[in-house]
Structures are given as C-alpha cells and as structure tokens.
Amino acid sequence: MDWLFMKQWSPYAVGVGIGILSWFTFLLSDKPIGCSTAFARTSGMLERFLRGSKTTQRPYYVKFPPTVDWEWMLVVGILVGSFVSAHLSGQLQLQWIPGKWSAAFGTALFPRWLIALIGGIIMGFGARWAGGCTSGHGISGTLQLALSSWLAAVCFFIGGIAAAMALFTFFAS
Amino acid sequence: MFAHLHAQKGLQLFLGLIMGFIFGFLLQRGGVTNYDIIIGQLLLTDFTVIKIMLTAVITGMLGVHMLRSLGLAQLHLKPGSLGASVIGGLIFGVGFALLGYCPGTVAGAVGQGYLDALFGGVVGILIGAGIFAAIFPKLEGLVLHKGDFGELTFPHLLNVNPWAVVIPAAIILAALLVLFEKLGL
C-alpha cells in the first residue's frame, strides 16, 4: 500500500488513470470530463444573487443555465479528491507563494495575488471564448478527435508558453 | 442499457462527485495541482503536464472509440471556429501562464491548500467568466463564428472510418512520448 502514500506517481500511470476515468464518464454519465463551464454557471449563480432574475435572461445563461449539474459536482469532487490525496501523501499545507514564483519575483504576497487574479480573469474569459479548458478541450475534446479541441489545445500552449517565457524573462528580479 | 442510468439526475450528480474525486486525486498525485510543475511545463523545463495529457488522450481515445463502436457511448463534440478556438485559445493561454493553474487543477490546488489558487485563481475565473457572459451577444456577432467549422472531427474531415485516425494518432502520440524520454525531458 506504499503507493497510496507516495508523494508523486508516474505521469504515465496518472495519464492512463485519467484516460480510463474518461471511459467511465462516457459510459455511466454520458459526459466528457470538463471543468470551465462549471465556473461560468457559478458566476451566473453569484450574479443572480446580486442582480436577481434579470441575470438568467442573459443569452449566455439561457445557453448554460446557472444551476448545479454533473460537471459542477465534478469540480467539487476534484477539490475533495486533491485534498484527500494531499493529506495522504503529507503535502497538505496552506501556502500563498509557490516556490518558482518566489525564486523569480520574491516572497511579497500582493504581487502574487494580483497576477493570479488577473491571470484567472483572463483565463476564465478565454475558456468561455474558446468554449472549453485544458480538460474539456485539452483531454476530452482531443481524445474525441475534434478539430475545435485540437486547435484550442495547441493555442492554449502557444499562448501559455509565450506568456510564461515573457513573464519570467522580462519581469523576474 | 445505460440510458436509464443517464436519466437519473440525483444519481448522476453523485457520480459526478465520485468521478471528480478520482480526477482530483489523480491530478494531485500527478503533481499538476502544483504551480511549479505547470509553470515548468510552460517554460519547457518540466514535461509532466504534457506527459499526463498525452497518455490520458491515447488511453481515453482508444477506450471511448471502442465504446462507441460497441454502441455503448456517443461522442460529445464542442463546435468550433477559427475566431473562437484560436483567439480564445490564445487568450486562455496567457491567463494560464499568469495564474499557473487551469480551471480543473485550480480546484485541486485549492483542495491542497494553495491560497493563490483560491483568492486569485478561483475569484478571477469567476469574474472572467461573468465578463464573458455579459458581452457574449456582442462577441457572437463580431468574432465567435468567424471561420466556423462546427462539430467537425478529423475522421469526418478526412471522410474515413474513425479507427483509421485513432490507430495512427495513438501511434504518433506514443512516439512523441518516447521521443520526450529519449531527449531526457
């Protein structure tokens, strides 16, 4: 049972595991794995709380109603699964500044929070623009051989690599 | 045989939670709920993310197409266009690099205790998704349907049996993984 407490598993073992999981999501739930639509639904729920039922008249929320669905529960499950995994392998810890960030940009809290927030806003916006994220397009769409998903996934990495290189080249102290 | 199962709403929510649990466990144990590993991939110094993704795609592609050939599953394709997939993909990538987590791994990172993922990432994604929903009608007329190709797949594009693409694709992606190992990545 040592494997259950190991810090990290082989990426190939994890990849095969996620691939097999996708068989079961298709078979048992008739759904591909995906995450970003759940964030859009949650955003709709929060907006409805603030602005009332006008929110649900937005064309986007007519298309993706702000309700709890299978994918929303999937994202909650990810949080819990990661918590349990991190707990078992002794990696559960409250941390503000990741190691590679502090090595390049220092240990101040505000810059990391601000860039993470801006990154989150851009990514949340881009995920809806592209119609999916690294899971929905990057794994589920590509495995179905969808042209939209291969294009989007390649662009995720082109944009990501270019931006990460620029950030760590020009802004690192 | 499974249509009855698919129709049970409460049970499906529970299944979503269980499958998410497994997904989150695997993501955490693969190391990809960790900023350092994701940013390492984007800086091309750590290939864990791509190794996990390609292995998942090969495994998933073979199994899901087998289920489909057996009549046990159907595909769920996302429609696309140059305006949506390419521009949206590039925007996503920039955010991905600044945040250092994606929408799935950010949830896992929160579960692991990473506060930048919670107060920066999750809050940001919700704001970004909300902004998109607000301006969606404008974007739809302007750019989202430019170069529209709908729910096109490669087998459909090439007008061949899906397996004529699945098998070569699996071989090419596996060869890519072997190449990464040979290069010591």
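# Exercises on a predicted two-chain model

In chain B of this predicted model, residues 24 or more positions apart account for 58% of the contacts with a separation of 6 or more.

**Exercise 1. Describe the make-up of chain B: how many helices and strands are there, and what pattern do they follow along the sequence?**

Step 1. Chain B holds 9 helices and 2 strands, and reading along the sequence gives the pattern α-α-α-α-β-α-α-α-β-α-α.

Step 2. The C-alpha trace of chain B spans about 50 × 45 × 40 Å along its principal axes, and of its 185 residues 50% count as buried.

**Exercise 2. Give the corresponding description of chain A, including what share of its residues counts as buried.**

Step 1. The secondary structure of chain A consists of 8 helices and 0 strands, so that, by the way elements are assigned, its order from the N terminus is written α-α-α-α-α-α-α-α.

Step 2. A box of roughly 45 × 40 × 35 Å, taken along the principal axes, is filled by the C-alpha atoms of chain A, and 56% of the 173 residues of this chain count as buried.

Step 3. For contacts in chain A with a separation of 6 or more, 53% are accounted for by residues 24 or more positions apart.

**Exercise 3. Work out how many residues each chain gives to the contact between chain A and chain B, and which element supplies the largest share on the side of chain B.**

Step 1. Chain B contributes 108 residues to the contact, and chain A contributes 113 residues.

Step 2. On the side of chain B that touches chain A, the largest share, 20 residues, comes from helix H7 (residues 115-144) of chain B.

Step 3. Sorted by character, the residues on this side of chain B comprise 69 nonpolar, 34 polar and 5 charged.

**Exercise 4. Characterise the packing of helices H7 and H8 of chain A by angle, distance and handedness.**

Step 1. Two packed helices are described by the angle between their axes and the distance between the axes.

Step 2. For helix H7 (residues 136-143) of chain A and helix H8 (residues 147-170) of chain A, the angle is about 145° and the axes are 8 Å apart, while the crossing of H7(A) past H8(A) is left-handed.

Step 3. H7(A) makes this contact through His137(A), Gly138(A), Gly141(A) and Thr142(A), and the residues of H8(A) in the contact include Trp150(A), Ala153(A) and Phe156(A).

Step 4. The residues of this contact of H7(A) with H8(A) divide into 4 nonpolar, 6 polar and no charged.

**Exercise 5. Asp30(A) and Leu145(A) each have a positive phi; establish where each lies, and whether each is buried or partly exposed.**

Step 1. Most residues other than glycine have a negative phi.

Step 2. Asp30(A) has a phi near 55° and sits in the loop between helix H1 (11-29) and helix H2 (36-51) of chain A; because 17 other C-beta atoms lie within 10 Å, Asp30(A) is partly exposed.

Step 3. Leu145(A) has a phi near 65° and is placed in the loop between H7 and H8 of chain A; because Leu145(A) has 24 C-beta neighbours inside 10 Å, and 20 or more suffice, Leu145(A) counts as buried.

**Exercise 6. Find which residues have the most contacts inside the largest nonpolar core.**

Step 1. The largest nonpolar core has 104 residues, and those with the most contacts inside it are Phe23(B) and Val106(B).

Step 2. Leaving out residues up to four places away in sequence, Val106(B) touches Tyr101(B), Ala117(B), Gly121(B), Val122(B) and Ile125(B).

How values were computed: Residues are numbered from 1 along each chain as its sequence is written. Chains are lettered from A and ligands numbered from 1 in the order in which they are written. This is a predicted model: local features need pLDDT of at least 70, side-chain atom pairs count only at pLDDT 80 or more; totals for chains, interfaces and linings use all residues. Two residues are in contact if their C-beta atoms, placed from the backbone, lie within 7 Å. Helices (H or I, at least four residues) and strands (E, at least two) are DSSP runs, numbered from the N terminus. Ala, Val, Leu, Ile, Met, Phe, Trp, Tyr, Cys and Pro count as nonpolar, Asp, Glu, Lys and Arg as charged, and the others, Gly among them, as polar. Axes are lines fitted to C-alpha atoms, for helices over the stretch in contact, and angles run from 0 to 180 degrees between N-to-C directions. A crossing is left-handed if the near helix is turned anticlockwise from the far one by less than a right angle, and right-handed if clockwise. A nonpolar core is a set of buried Ala, Val, Leu, Ile, Met, Phe, Trp, Tyr and Cys residues joined through C-beta atoms within 7 Å. A residue is buried if 20 or more other C-beta atoms lie within 10 Å of its own, exposed if 12 or fewer, and partly exposed in between; C-beta atoms are placed from the backbone.
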